[in-house]
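Grab a pencil and let's work through a few exercises together. Try each task before you read its solution.

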Amino acid sequence: MKTLSPPPRLLMGPGPINCYPRVLSAMSTQLVGQYDPVMTGYMNEVMALYRQVFMTQNEQTFLIDGTSRAGIEAVLVSAIEPGDKVLVPIFGRFGHLLAEIAERCDAEVHTIEVPWGEVFLPEQIEQAIINVQPKLLAVVQGDTSTTMLQPLEHLGEICLRHDVLFYSDATASIGGNSFETDKWQLDAVSVGLQKCLGGPSGSAPVTLSERYVELVGKRRHVEAGIRSSHHSDGQSSRIRSNYFDLPMIMDYWGSERLNHHTEAASMLYCARECAINLLEEGIDSTIFRHKVAGDAMLAGVKALNLEPFGDLAHKMHNVVGVYIPDTVDGEIIRHQMLHDFNIEIGTSFGPLQGKIWRIGTMGYNARQDAVFQTLQSLESVLRRNGHKLPLGEAIDAAYDVYAKVNPLQNEDK
Ligand SMILES: *Cc1c(COP(=O)(O)O)cnc(C)c1O
């Protein structure tokens with residue numbers, strides 16, 4: 001068989017994206033044993049790094065091995081006992097996912113919905129909390145399926161007032177949009193690496209408040225075979241997943257280092273590198289880079305005579321939806337972008353299937369050259385397929401966005 005040699009794609013969809021070079025190198029770094037002090041040292045570093053990424057003091061900040069939904073499942077299955085009420089505001093595909101996972105935990109799930117392309121007002125969520133009186137509110141921050149960013153900053157106070165646990169899946173948004181765990185009073189947050197953090201999928205950083213840890217601690221059941229006489233079981237029912245049992249995973253990451261799974265060391269290396277990359281560039285600067293790339297892409301697609309999707313005041317910085325013009329076949333355009341230009345842009349699902357493309361600018365690819373290449377190629381492909389557009393204006397529009405930010409760099413006329 002030939003050596004692995006994937007084509008050099010530029011991944012400009014809603015994720016996954018091309019990894020930062022330092023993350024790629026980390027993946028090919030040699031392993032050490034999981035109780036080697038070097039490895040446990042890395043684990044402690046990862047906890048400290050992700051406290052900064054999540055902007056939290058939470059002691060319990062660590063990785064769940066698996067893709068982002070592993071983090072979601074761990075948070076939900078560890079907290080939800082059968083019959084518990086869970087409220088999920090749904091504004092896209094991933095809200096449905098949270099509801100479906102909570103249902104599998106035998107929660108009594110209540111949902112409220114807005115049309116795809118919109119977000120909720122805090123009052124709408126508070127009213128639903130008053131009606132339902134849930135134990136937990138589970139809400140996505142950025143939903144790539146619709147490109148919308150749900151404001152979270154007022155929800156923590158509402159949840160605290162009504163004694164509700166507050167969980168958010170910030171996979172698609174963290175690193176490219178503001179996210180402040182402690183300030184916004186979140187009890188649990190889970191994310192993944194493959195969006196703005198610029199890594200591969202396969203590791204899910206999570207952070208848990210003391211309130212949340214105390215609650216799931218009541219369900220602590222150390223498995224036979226590793227338990228010793230000082231371990232005692234919690235009062236509440238046993239968590240229905242072993243792999244996603246957060247008290248056991250906390251004991252593994254904590255000072256006891258109680259054996260659970262074998263840490264996915266290569267993914268931990270990646271997660272560590274993603275965090276360092278973000279923190280060295282600076283969280284605010286990285287968010288700003290995403291904002292500028294997103295603004296430039298938005299200006300560019302408008303200049304291609306394409307209509308952007310959804311409530312643009314609540315768009316994530318890192319992805320834009322654009323209506324597929326009636327005159328072209330959306331899949332032919334994507335196919336030609338991929339095969340003739342090595343650029344991947346996203347399709348859509350659910351109610352938006354066949355209606356919009358989704359174009360991402362995230363992580364390593366939130367760069368001027370990546371934005372320009374995508375717009376230039378899209379212009380060529382659209383024009384060749386009969387879509388009417390003013391030649392050259394997309395790049396000019398994107399240039400203007402960058403020139404405002406960095407006037408010197410783009411003024412060599
Ligand atoms: C992309 C995305 C995920 C991805 O989940 P995986 O299990 O890593 O595929 C999860 N949540 C949200 C909100 C996302 O946008």
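**Exercise 1. Into which domains is the protein chain divided, and which residues does each cover?**

Before we start, two ground rules. This is a predicted model, where local features need pLDDT of at least 70 and side-chain atom pairs count only at pLDDT 80 or more, while totals for chains, interfaces and linings use all residues. Residues are numbered from 1 along each chain as its sequence is written.

Step 1. Domain 1 runs over 10-278 and domain 2 over 283-405; such bounds come from an automatic or database domain assignment.

Step 2. Between the C-alpha centres of domain 1 and domain 2 there are 30 Å.

Step 3. Domain 1 brings 33 residues to the contact and domain 2 brings 35. Two residues are in contact if their C-beta atoms, placed from the backbone, lie within 7 Å.

Step 4. On the domain 1 side, the elements that give two or more residues are strand E1 (10-11) and strand E7 (148-149). Helices (H or I, at least four residues) and strands (E, at least two) are DSSP runs, numbered from the N terminus.

Step 5. Sort that side of domain 1 by class and you get 15 nonpolar, 15 polar and three charged residues. Here Ala, Val, Leu, Ile, Met, Phe, Trp, Tyr, Cys and Pro count as nonpolar, Asp, Glu, Lys and Arg as charged, and the others, Gly among them, as polar.

**Exercise 2. Describe the protein chain as a whole.**

Step 1. Count the elements: the protein chain has 13 helices and 13 strands.

Step 2. Check the radius of gyration, taken over C-alpha atoms. The globule rule is 2.2 Å times the number of residues to the power 0.38. For 413 residues, a compact globule would come out near 22 Å, and the protein chain agrees because its own value is 22 Å.

Step 3. Look at burial: 50% of the 413 residues count as buried. A residue is buried if 20 or more other C-beta atoms (placed from the backbone) lie within 10 Å of its own, exposed if 12 or fewer, and partly exposed in between.

**Exercise 3. How many residues surround the ligand, and which are the closest?**

Step 1. The count is 14, and the closest are Thr67, Ser68, Arg69, Phe94 and Ala172. To be near, a residue needs its C-beta atom, placed from the backbone, within 6 Å of the molecule.

Step 2. By class, this shell holds three nonpolar, seven polar and four charged residues.

**Exercise 4. Is Met27 buried or partly exposed?**

Step 1. Find Met27 in helix H1 (residues 21-27).

Step 2. Met27 has 15 C-beta neighbours inside 10 Å, so Met27 counts as partly exposed.

Step 3. Now look further along the chain: Met267 is 240 residues away from Met27 in sequence, yet their C-alpha atoms are 7.1 Å apart. Neighbours within four places aside, Met27 is in contact with Ser266, Tyr269 and Cys270.

**Exercise 5. Compare the backbone and surroundings of Thr147 and Asn305.**

Step 1. Thr147 sits in the loop between strand E6 (142-143) and E7. Though not a glycine, Thr147 has a positive phi of about 75 degrees.

Step 2. Thr147 is buried, because 33 other C-beta atoms lie within 10 Å.

Step 3. Asn305 belongs to the loop between helix H10 (283-303) and strand E11 (319-323), and its phi is positive too, near 65 degrees.

Step 4. Asn305 has 14 other C-beta atoms within 10 Å, so Asn305 is partly exposed.
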